[in-house]
Amino acid sequence: MPSGGAAFACVCAVKTTSLWLETAQPDRQPALGENATADVCVIGAGIAGVTTAYLLAREKKSVILIDDGTPGCGQTGMTTAHLSNVIDDRYKEMIRLHGVEGARLACDSHRAAIARIESICTQERIDAEFQRVSGYLFLSPEHDESYLDEEFEAARQAGIEVEKLLQAPVQGFQSGPCLHFPRQAQFHPLKYLNGVIGAFTRAGGRIHGGVRAQKVTGGAVAEVETAGGHRISAKSVVVATNSPFIDMFAIHTKQAPYYTYVVGARVPAGAITPALYWDTHDPYHYVRLQRTTNAELGGDNAEPLDLLIVGGEDHKTAQASNTEERFGALERWMRQHYPAARELEFRWSGQVMETQDGLGFIGRNPMDADNVYVATGDSGMGMTHGTIAGMLICDLVQGHPNRWEKLYDPSRVRVGAVGDFLKENLNVAAQYASWVTPGEVSSLDEITPNTGAVMREGLTKVAIFRDEAGQLHRRSAVCTHLGCIVGWNKAASGWDCPCHGSRFDAYGRVINGPASSDLGPA
Ligand SMILES: Cc1cc2nc3c(=O)[nH]c(=O)nc-3n(C[C@H](O)[C@H](O)[C@H](O)COP(=O)(O)OP(=O)(O)OC[C@H]3O[C@@H](n4cnc5c(N)ncnc54)[C@H](O)[C@@H]3O)c2cc1C
Ligand code: FES
């Protein structure tokens, strides 16, 4: 902790939105007023859906892109936007699960995704602050150098450029030996997304906001039914809603929702070398810089400043309620490792879908018609996975071969991943015990304004939110996907399901699948 640590302890002025949403608010899009027809309907306007829609529109397909809110306000607005082909489950594990050939293909696909983002920025003149930077993987205290040596060997086998260094270029703390990966990258995800949406509409694409897709029926002519009662008919449908709402079991038993936290602190411009930094802790810490200005953060001058963005403290969604401790631990870690960090400016959090074998599920929806596609399982590398989804699904829709098709096939089961599959599904099964446990509170008085809690009422449980004015809002606490009991998420002020990651706002309205309907009446 630096000598001035206590001076930075106050969190009263800290913004709880992300840096990206603060500095590049996405535009609201018009509602869908009537039934529509297109070659392709893409559902979900995060990086996966927007990239897919854009690439298909460039191929002269007529495309309708819909989102139930404002584009970019899902997990794409909450990311830290490292662009990397250093797979975060590690190449040693990639080779164990997918073989050397599979690991090489994975490495190649993420490399190609970074290059595609770079070329889209150039081609469409998008100033998304794309920057090539180095990546550094350094040891956390519980690991010794052999960890790096093994990963070095595996990474080389997978075909990634890597070297071992005695020290990462982090001013102020001794990182010890590390692996250096050149030609990684970073960008401003929402400046990018807004730019790609602009390019998509210039290419003839149609985009609508506030349109919730409720049902998808594949077949010769696929159909999307919206909550507003409209129908979109299309030759193909792409469900890019981060967690697909059209799937009950096939995918959701192979991926698990994890919640992750971010803090952002000012550092004097130039005090820290711009790069991506990761440690080997489990869950790992992830670090980058973002150049911004005082004015962008609401100040009265355009003085440049750097924001140090540190993420980590992941846990299974809705299975930890100590939000303050998580943010506190992250901030302490940041100040120990980056003593140049000054006052805290941001705290935010979000969800990632971790697949059992470390790679996304991208392609034809299992057990569905051939013209229904999904993109999910971002595994904390959703910027590149979302871009891979765009490239891969664009080929599949057009009937073109793609060398990544098998690797990302949503129907796949890797023998080596069975242990993880069992562990995660036993964890899900254990969540059903919440049906018989007491509630989080036993009296309404324990629920303070702007918070929620689950209370037992006879044989069932009720999710109760008290708004700022003190009024109570009651919904059933039973998740509408497969019946687990939701829990209150303090960081996001909403209800999360611990089983497969469905999320609901404070009033019980569904905001993230696999659930496709709101929490029921209490
Ligand atoms: C804190 C944090 C840090 C991260 N850091 C990184 C990183 O450094 N690098 C990296 O590569 N990845 C990172 N990720 C992961 C990455 O941000 C996500 O994987 C990625 O943004 C997911 O994009 P998406 O398009 O799949 O989903 P989203 O961005 O969530 O988009 C899905 C969209 O679908 C909409 N939607 C949902 N249901 C419906 C429906 N029924 N009808 C219509 N619309 C619907 C939602 O409103 C949303 O806009 C991070 C994630 C978090 C939370
Ligand atoms: S998300 Fe599956 S039961 Fe809630």
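This tour moves through a predicted model, one selection at a time.

**Stop 1: the ligand**

Select ligand 1 together with the residues around it. The ligand is surrounded by 35 residues, and the closest are Asp67, Asp68, Thr76, Thr80 and Met383. Now display the side chain of Thr76: one of its polar atoms lies 2.5 Å from an oxygen atom of ligand 1. Next, add Asp378, where a polar side-chain atom is 2.9 Å from an oxygen atom of the ligand. Finally, show the backbone of Ala48. Here a polar backbone atom is 3.0 Å from an oxygen atom of ligand 1.

**Stop 2: the second largest pocket**

Leave the ligand and turn to an empty space in the protein. Rolling a probe the size of a water molecule over the atoms shows where empty space is left. The second largest pocket has a volume of about 790 Å³. Which residues are the closest to its centre? Select Asp88, Asp89, Asp282, Glu354 and Asp420, which hold that position among the 33 residues of the lining.

Colour the following elements in turn: α3 (91-123), β11 (255-267), β14 (304-316), β15 (344-355) and α9 (418-431). Each of them gives two or more residues to the lining of this pocket. The largest share comes from α9, with five residues. If the lining is coloured by class, the viewer should show eight nonpolar, 12 polar and 13 charged residues.

**Stop 3: Arg90**

Select Arg90, which is found in the loop between β3 (82-83) and α3. Its phi angle is near 80 degrees, a positive value in a residue other than glycine. Is Arg90 buried or exposed? Arg90 counts as buried because its relative accessibility is 9%, and the limit for a buried residue is under 20%.

A second residue of this kind can be selected at Asn242, in strand β10 (residues 231-242). The phi angle of Asn242 is near 75 degrees, again positive in a residue other than glycine.

**Stop 4: strand β12 and its partners**

Select strand β12, residues 276-279. Leu276 and Trp278 point one way from the strand, whereas Tyr277 and Asp279 point the other way, and all are buried.

Add strand β4 (residues 131-138), which pairs with β12 in the parallel sense over four bridges. Within this pairing, Tyr136 stands opposite Tyr277. Then add strand β13 (residues 286-293): β12 and β13 pair in the antiparallel sense over two bridges. The bridge partner of Tyr277 in β13 is Val287. Strands β12 and β13 form a hairpin, with six residues between them.

**Stop 5: two cis peptide bonds**

Remain at the hairpin and select Pro283, which lies in the loop between β12 and β13. The peptide bond from Asp282 to Pro283 is cis, with omega near 5 degrees. Asp282 has already appeared on this tour, as one of the residues closest to the centre of the second largest pocket.

The other bond to inspect joins Gly513 and Pro514. This peptide bond is also cis, and omega is about 10 degrees. Pro514 is located in the segment after β24 (510-512).

**Stop 6: Asp306**

Select Asp306 in strand β14. Asp306 counts as buried because its relative accessibility is 4%. Show its side chain and look for two partners. The side chains of Asp306 and Arg291 are joined by a polar contact of 2.4 Å. The side chain of Asp306 also reaches the backbone nitrogen of Gly270, at 3.1 Å.

**Stop 7: Tyr259**

Select Tyr259 in strand β11. With a relative accessible area of 2%, Tyr259 is therefore buried. Which side chains make polar contacts with the side chain of Tyr259? One is that of Ser349, at 2.9 Å, and another is that of Arg503, at 3.3 Å. Now add Gly501. Tyr259 and Gly501 are 242 residues apart in sequence, yet their C-alpha atoms are 9.1 Å apart in space.

**Stop 8: Glu145 and Asp247**

End with a long distance line. Select Glu145 in helix α4 (residues 145-157). Glu145 counts as partly exposed because its relative accessibility is 38%. Draw a line from its C-alpha atom to that of Asp247: these atoms are separated by 43 Å, and the two residues are 102 residues apart along the chain.

Conventions: Residues are numbered from 1 along each chain as its sequence is written. Chains are lettered from A and ligands numbered from 1 in the order in which they are written. This is a predicted model: local features need pLDDT of at least 70, side-chain atom pairs count only at pLDDT 80 or more; totals for chains, interfaces and linings use all residues. Side-chain values use heavy atoms; hydrogens and water are left out. On a 1 Å grid over the protein atoms alone, a cavity is a set of points where a 1.4 Å probe fits but cannot get out, and a pocket is an open set with protein on both sides within 12 Å along at least five of seven lines; lining residues have an atom within 4 Å of a point. Grid points are joined across faces, edges and corners, and a volume is the space filled by probe spheres set on the points. Ala, Val, Leu, Ile, Met, Phe, Trp, Tyr, Cys and Pro count as nonpolar, Asp, Glu, Lys and Arg as charged, and the others, Gly among them, as polar. Buried means under 20% relative accessible area, exposed over 50%, partly exposed in between (1.4 Å probe, protein chains only). Two strands pair if DSSP finds at least two bridges between them. A residue is near a molecule or strand if one of its heavy atoms lies within 4 Å of it. A polar contact is a pair of N or O atoms within 3.5 Å; within protein, one must be able to donate a hydrogen and the other to accept it, and residues adjacent in sequence count only if both atoms are side-chain atoms.
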